Amino acid sequence: MADYVVEVNEGVVEASRQGVDWWIAFRVRFKGTGRIVDTKPACVIGGVCEVVCDSRADAEWLAASMVQDHGLPKTAVRVKTAAVCRG
């Protein structure tokens with residue numbers, strides 16, 4: 001499906017309390033679309049997930065928007081190459 005994802009460390013988001021409400025709403029909105037993949041499920045506090053993007057440009061835009069427009073901590077968000085192609 002995609003070569004790039006935005007990885008979100010939910011533990012960092014929850015611990016910082018920055019952008020939590022937006023992140024929860026984002027997850028709910030895209031639940032069931034296949035765009036959000038939990039890669040490291042939460043144990044005590046948030047896990048790590050990937051938001052699947054259609055291109056590197058889309059992933060970079062989404063990551064920047066998460067930080068600049070929606071308040072997620074910069075240390076919680078990164079663009080990376082998808083480890084596995086999901087189809």
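Is Cys53 buried or exposed? Cys53 counts as buried, at 5% relative accessibility. Keep in mind as you read that this is a predicted model. Here are my notes, point by point.

1. **The sheet.** Start with the strands. Four of them form an open sheet, and the order across it is 2-3-1-4, with antiparallel pairing. Strand 2 (36–40) and strand 4 (77–81) stand at the edges, and each has a single partner strand, so one side of each has no neighbour in the sheet. From one strand to the next, the twist averages 30°.

2. **Strand 1 and its partners.** Now look at strand 1, residues 4–9. Strand 1 pairs with strand 3 (residues 48–53) in the antiparallel sense, over six bridges. You can check this pairing at two places: Tyr4 stands opposite Cys53 in strand 3, and the bridge partner of Asn9 in strand 3 is Val48. Strand 1 also pairs with strand 4, again antiparallel, over five bridges. Here Glu7 is the residue to find, as it stands opposite Arg78 in strand 4.

3. **Strand 3, covered on both sides.** Strand 3 has another pairing too: four bridges join strand 2 to strand 3, and the two run antiparallel. Ile36 stands opposite Val51 in strand 3. How many residues of strand 3 are buried? Six of the six are, so strand 3 is largely enclosed by the rest of the structure. In a regular strand the side chains alternate between the two faces of the sheet. In strand 3, Val48, Glu50 and Val52 are on one side, while Cys49, Val51 and Cys53 are on the other, and all of these are buried.

4. **Two cysteines, no bond.** You may be tempted to join the two cysteines of strand 3, so let's check. The structure holds zero disulfides. Why is there no bond between Cys49 and Cys53? The closest cysteine sulfur to that of Cys49 is the one in Cys53, and it is 11 Å away, which is too far for a bond. A disulfide would need the two sulfur atoms within 2.5 Å. Cys49 is buried as well, with 0% relative accessibility.

5. **The helix across the sheet.** Helix 3 covers residues 56–68 and lies across strand 1, strand 3 and strand 4. Helix 3 runs at about 25° to strand 1. A good residue to follow here is Leu62, which has its place in helix 3. Leu62 is buried, with a relative accessible area of 9%. Leaving aside neighbours within four places in sequence, Leu62 is in contact with Val6, Phe26, Val51 and Cys53. For a look at how the chain folds back, compare Leu62 with Val5: the two are 57 residues apart in sequence, but their C-alpha atoms are 9.5 Å apart in space.

6. **The nonpolar core.** Which residues touch the most other members of the largest nonpolar core? They are Val6, Val8, Trp23, Val51 and Met66, out of 17 residues in this core. Strand 1, helix 2 (20–30), strand 3 and helix 3 are the elements that give two or more residues to it. Helix 3 gives the most, with four residues. Try clicking on Val6 to see the packing for yourself. Leaving aside neighbours within four places in sequence, the contacts of Val6 include Ala59, Leu62, Ala63 and Met66. Val6 is also in contact with Cys49, Glu50, Val51 and Cys53, and with Val77, Arg78 and Val79.

7. **The aromatic cluster.** Last, the rings. A search of the whole structure finds four aromatic pairs. In one of them, the rings of Trp22 and Trp23 have their centres 6.3 Å apart and their planes at 45°, so this pair is tilted. Are these two tryptophans buried or partly exposed? Trp22 is partly exposed, at 22% relative accessible area, whereas Trp23 is buried, at 4%. Ring pairs link Trp22, Trp23, Phe26 and Phe30 into a cluster. Two names should look familiar: Phe26 is in contact with Leu62, and Trp23 is among the core residues that touch the most other members.

Terms used. Residues are numbered from 1 along each chain as its sequence is written. This is a predicted model: local features need pLDDT of at least 70, side-chain atom pairs count only at pLDDT 80 or more; totals for chains, interfaces and linings use all residues. Side-chain values use heavy atoms; hydrogens and water are left out. Buried means under 20% relative accessible area, exposed over 50%, partly exposed in between (1.4 Å probe, protein chains only). Two strands pair if DSSP finds at least two bridges between them. Axes are lines fitted to C-alpha atoms, for helices over the stretch in contact, and angles run from 0 to 180 degrees between N-to-C directions. Contact means heavy atoms within 4.5 Å. Rings of Phe, Tyr and Trp (its six-membered ring) pair if their centres lie within 6.5 Å; planes under 30 degrees apart count as stacked, over 60 as edge-to-face and the rest as tilted. A nonpolar core is a set of buried Ala, Val, Leu, Ile, Met, Phe, Trp, Tyr and Cys residues joined through side-chain atoms within 4.5 Å.
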